[in-house]
Amino acid sequence: ELCASLVDGGTTPAADLIAAAKGQAGIPVFVLVRPRAGSFVYSDAEFDAMLRDIERARTVGADGIVTGALRYDHTVDTAKTAALIKAAKDLPVTFHRALDSTPDLAEALEQVIACGASRVLTSGGASNAMEGAATIAALIKQAGARITIVAGGGVRDHNVRELLDRTNASEVHSRMLDEATMRKLVSLAAKAGPAGA
């Protein structure tokens, strides 16, 4: 996942950064589409900007999109989320950790599935994935083969194996601290077998 402004929880990166990452990463690049920090409730103007950002990311070669929208009551804004997914066309879309802000994660998961997302990133509603491991495991069981649940939030080399064991997650999300740490994390996840990611 490529984003700008990590200190703000991530925002949409510039087109030239996306292109540069695509040219050098050697792995699929999923682009975060989030116009600003703060809540996941977007005005019509922000939503229109998000649609343009998805098209821009597609144009410069993004392999996937990470996005989503909520209503003022923190439930999934299914109309806006479905429109964002439609704008991505053939690119897979991950509904980001906005899911963790919803009042009922199981219900929100069903809404995200109905919108057509291919993945959802979650810490199980907790401050990190280890604390939310039981909920992540329940969401994975609920989802079945309909959508991939990506366990994220505080995933590091020292806890990734335990997290995979506790959740049965097939994919994890971790913040890149430095290249050596990330290579170690990827190696540990790969050694975990079919459940590693």
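**Exercise 1.** Which hand does the crossing of H2 and H3 have, right-handed or left-handed? Work it out along with the geometry and the residues of the contact.

*Solution.* Keep in mind that you are looking at a predicted model.

- Step 1: Find the two helices. H2 covers residues 44-59 and H3 covers residues 78-87.
- Step 2: Fit the axes. They lie 9 Å apart, at an angle of about 20°.
- Step 3: Classify the angle. Angles under 35 degrees count as roughly parallel, so H2 is roughly parallel to H3.
- Step 4: Read off the hand. The crossing of H2 and H3 is right-handed.
- Step 5: List who touches whom. H2 contributes Asp44, Phe47, Met50, Leu51, Ile54 and Arg58, while H3 contributes Lys80, Ala83, Leu84 and Ala87.
- Step 6: Sort these residues by character. Seven are nonpolar, three are charged and none is polar.

**Exercise 2.** Now try another pair: at roughly what angle do the axes of H5 and H6 cross? Describe the contact too.

*Solution.*

- Step 1: Locate helix H5 at residues 133-143 and helix H6 at residues 160-167.
- Step 2: Their axes cross at roughly 50° and come within 8 Å.
- Step 3: H5 and H6 are therefore oblique to each other.
- Step 4: From H5, the contact takes in Ala133, Ile136, Ala137 and Ile140; from H6, Leu163, Arg166 and Thr167.
- Step 5: The division here is five nonpolar residues, one polar and one charged.

**Exercise 3.** Which strands stand at the edges of the six-stranded sheet? Trace the strand order to find out.

*Solution.*

- Step 1: Write down the order. The sheet is open and runs E1-E2-E3-E4-E5-E6, with parallel pairing.
- Step 2: Look at the ends of that order. Strand E1 (30-32) and strand E6 (171-173) each have a single partner strand, so one side of each lacks a neighbour in the sheet.
- Step 3: Check the twist. On average, neighbouring strands are turned by 30° against each other, direction ignored.
- Step 4: Zoom in on one pair. E1 joins strand E2 (residues 64-67) in the parallel sense over three bridges. Leu32 has Val66 of E2 as its bridge partner.

**Exercise 4.** Where does pLDDT stay under 50? Set that stretch beside the figures for the chain.

*Solution.*

- Step 1: Start with the chain. Its mean pLDDT is 90, and 89% of its residues reach 70 or more.
- Step 2: Find the stretch in question. Over residues 193-197, pLDDT stays under 50.
- Step 3: Count its contacts. For residues 193-197 the model has 11 contacts beyond four places in sequence.

Definitions and conventions
Residues numbered from 1 in each chain as written. Predicted model: local features only at pLDDT ≥ 70, side-chain atom pairs only at ≥ 80, totals over all residues. Heavy atoms only, no water. Axes fitted to C-alpha atoms, helices over the stretch in contact; angles between N-to-C directions. Helix = DSSP H or I, 4+ residues; strand = E, 2+ residues; numbered from the N terminus. Parallel < 35°, antiparallel > 145°, perpendicular 65-115°, else oblique. Left-handed = near helix turned anticlockwise from the far one by under 90°. Contact = heavy atoms within 4.5 Å. Nonpolar A, V, L, I, M, F, W, Y, C, P; charged D, E, K, R; others polar. pLDDT = per-residue confidence, 0-100. Pairing = 2+ DSSP bridges.
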